[in-house]
Amino acid sequence: MNSIIQIDNLSKSFGEVKAVQNLSFRVKKGELFAFLGINGAGKSTTINIMCGQLSKDSGNIQIDGHNLDENISLIKSELGVVFQSSALDSALSVYDNLQSRAALYGIVGAEFKERLSELADLLDFNGLLKRPVGKLSGGQRRRIDIARALFHKPKILILDEPTTGLDPQTRKTIWSVIAALRKSENMTVFLTTHYMEEAAEADWVVIIDSGKISAEGTPLELKNTYTGDYITLYGTDEDTVRKLGTQYEKIKDAYRLFVPNTEAATKLIVKHPEIFRDYEITKGKMDDVFLAVTGKTLLGGAEK
Amino acid sequence: MNTLPYLIKRNVKLYFKDKGMFFSSLITPAILLVLYITFLGKTYKETFTSNLPDAFTIDESLINGLVASQLISSILAVSCVTVAFCSNFLMVQDKANGTVKDLRISPVKPSLLSIGYYISTLASTLLICLAATVICLIYVAAVGWYMTVTDVLLLLFDVFLLALFGTALSSLINFFLSTQGQISAVGTIISAGYGFLCGAYMPISSFSSGLQKVLSFFPGTYGTSLIRNHSMQGVLNEINNSGVPAEIIEKIKDSLDCNLYFFKNQVDIPVMYTILGVTVAALLVIYILLNLKKT
């Protein structure tokens with residue numbers, strides 16, 4: 001697959017603060033790319049530079065084969081952005097908002113109405129068109145934000161913490177729409193999120209800390225590299241578990257053993273079949289990867 | 001160019017939907033109206049009649065017409081600028097609440113966005129000021145009408161020109177603002193201060209000579225004078241016809257700022273138009289250049 005986003009040696013400072021330091025990564029066409037980091041890690045700075053909202057100090061950015069320094073207008077027409085906080089006009093109706101934003105891309109008249117109808121069906125907001133955006137619930141507003149970002153059929157959809165603060169049902173709806181769009185239009189999704197279960201679905205993950213890449217890979221690669229496996233062992237007592245000589249913790253009705261990887265887990269089970277009668281093996285989670293890589297945890301937007 | 005009409009429509013709709021922005025733009029004209037109704041009107045009337053030589057008696061309706069013309073000229077001169085400033089606050093509000101990000105991630109050039117703000121502000125300002133002009137003319141008709149059709153047409157042109165000036169000035173100042181606090185500060189200064197600066201609250205002729213010289217550098221004063229001239233010309237002619245000598249009429253015109261002086265040289269009406277026109281053009285050129293630089 002070709003890289004649709006290619007960032008090389010990107011740097012940006014605000015006075016003494018080095019927001020982004022020599023950042024380089026690739027995003028392949030059609031993939032779900034997760035860009036993780038705590039608040040202030042440099043995610044928004046990178047996105048703002050990619051969208052032409054902020055100038056860079058140095059480095060090179062190519063988006064869909066176009067250099068950001070030479071073809072910013074063309075690049076802007078290929079990007080759809082869902083901001084962390086809605087940037088629509090609260091006082092205006094959904095229809096008026098989408099009409100004014102569509103016109104920014106030259107989509108007016110019959111073309112506007114046709115696309116509006118498509119998106120209203122896709123995101124289920126036909127009943128909201130006349131309502132002021134300021135009167136919508138968080139989930140409804142998010143759907144309109146996504147419709148605004150998709151109006152001009154962008155090749156790349158940038159989602160900056162799109163589901164923060166939303167209820168699980170709305171999050172599920174949003175992700176199913178995005179998954180459908182990726183499939184039908186081969187759209188690339190550039191995601192920043194504080195929900196690690198969302199990052200676990202990504203094709204490629206980059207974790208940044210203090211403006212630098214700390215780790216990158218597929219979720220599986222990251223889990224294998226930065227976390228071990230867990231064996232949850234049921235129907236035994238602590239003395240027996242202690243004899244295994246493995247690090248463990250007591251959880252409700254069971255013990256959780258920490259092993260370096262699946263191979264080690266298999267060896268341990270084969271060696272002690274009389275103990276491992278009721279058990280399950282699970283891989284480490286993306287939260288564990290994030291903690292191992294940055295020494296910090298992310299909990300729905302808050303750094304710990 | 002498909003984009004511009006929709007940007008203008010958005011901006012105008014937002015201005016009229018934002019009650020805070022809409023009503024704050026009407027505060028200054030409302031203050032003026034209250035001032036005139038409560039005491040200024042009476043004071044001007046008394047001052048005017050007491051300054052007339054005893055030999056002359058002027059019909060009550062002429063005096064009422066003169067005071068009414070002074071009132072409407074003050075209201076219109078101030079409104080064209082304060083309404084423009086308040087309407088143009090949308091430009092700053094978009095920056096303050098982050099909406100501008102949503103506009104700027106599109107391929108539309110910042111210069112087109114700025115033209116959108118300018119035209120929509122001008123449209124909102126003209127809409128309100130022309131409505132105000134109609135109301136003012138109805139008031140004058142009720143009190144004492146002496147204006148000719150030419151006076152009315154010139155008055156409408158003055159309002160248009162002053163709205164252009166107010167919009168250009170506010171565009172340039174608002175370009176440098178980006179927070180809600182700055183909007184409030186500028187709004188307060190303009191609402192409170194512009195009326196004095198342009199001679200709407202008190203005639204410039206009543207200020208000290210030093211201050212008069214300073215204010216003569218401010219183009220807005222010539223806008224006020226144009227409006228004063230075209231709203232008062234008819235009633236002053238009628239006063240002249242009623243037997244008041246031309247020299248006294250000239251003194252009245254001096255005291256009401258119909259005649260303005262730049263370092264003792266009287267500024268003619270064509271020169272006033274030129275000053276205002278050149279100022280609008282200069283402000284617009286600077287505003288456009290600043291926005292082009294942004295791209």
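In which sense do strand E9 (residues 204-209) of chain A and E10(A) pair, and over how many bridges? To answer this in the predicted model, select both strands: E9(A) and E10(A) run in the antiparallel sense, joined over 5 bridges. Within this pair, pick Val205(A), which stands opposite Gly217(A) in E10(A).

Next, add helix H8 (residues 219-226) of chain A, which packs on the sheet and touches E9 and E10 of chain A. The direction of H8(A) makes about 110 degrees with that of E10(A).

Now widen the selection to the whole sheet of chain A. Its 6 strands follow the order E6-E7-E8-E3-E9-E10, and the sheet is open with mixed pairing. Strand E6 (79-82) and strand E10 (212-217) of chain A are the edge strands; each has a single partner strand, so one side of each lacks a neighbour in the sheet. From one strand to the next, the twist averages 15 degrees.

Turn then to the interface between the chains. Here 24 residues of chain A are in contact with 21 residues of chain B. The area buried between chain A and chain B is about 2,100 Å², with carbon and sulfur atoms giving 59%. Select Phe83(A), Leu92(A) and Leu104(A): these supply 25% of the area that chain A buries against chain B, more than any other three residues.

For the charged contacts, display Asp96(A) and Lys13(B), whose side chains meet in a salt bridge at 2.7 Å, N to O. The interface of chain A and chain B holds 4 salt bridges and 8 residue pairs in polar contact. Finally, colour helix H2 (72-78) and helix H3 (94-103) of chain A, the elements that give two or more residues to the side touching chain B; H3(A) gives the most, with 5 residues.

Notes
Residues are numbered from 1 along each chain as its sequence is written. Chains are lettered from A and ligands numbered from 1 in the order in which they are written. This is a predicted model: local features need pLDDT of at least 70, side-chain atom pairs count only at pLDDT 80 or more; totals for chains, interfaces and linings use all residues. Side-chain values use heavy atoms; hydrogens and water are left out. Contact means heavy atoms within 4.5 Å. Buried area is the accessible area (1.4 Å probe) that two parts lose on being put together, summed over both. A polar contact is a pair of N or O atoms within 3.5 Å; within protein, one must be able to donate a hydrogen and the other to accept it, and residues adjacent in sequence count only if both atoms are side-chain atoms. Helices (H or I, at least four residues) and strands (E, at least two) are DSSP runs, numbered from the N terminus. Two strands pair if DSSP finds at least two bridges between them. Axes are lines fitted to C-alpha atoms, for helices over the stretch in contact, and angles run from 0 to 180 degrees between N-to-C directions.
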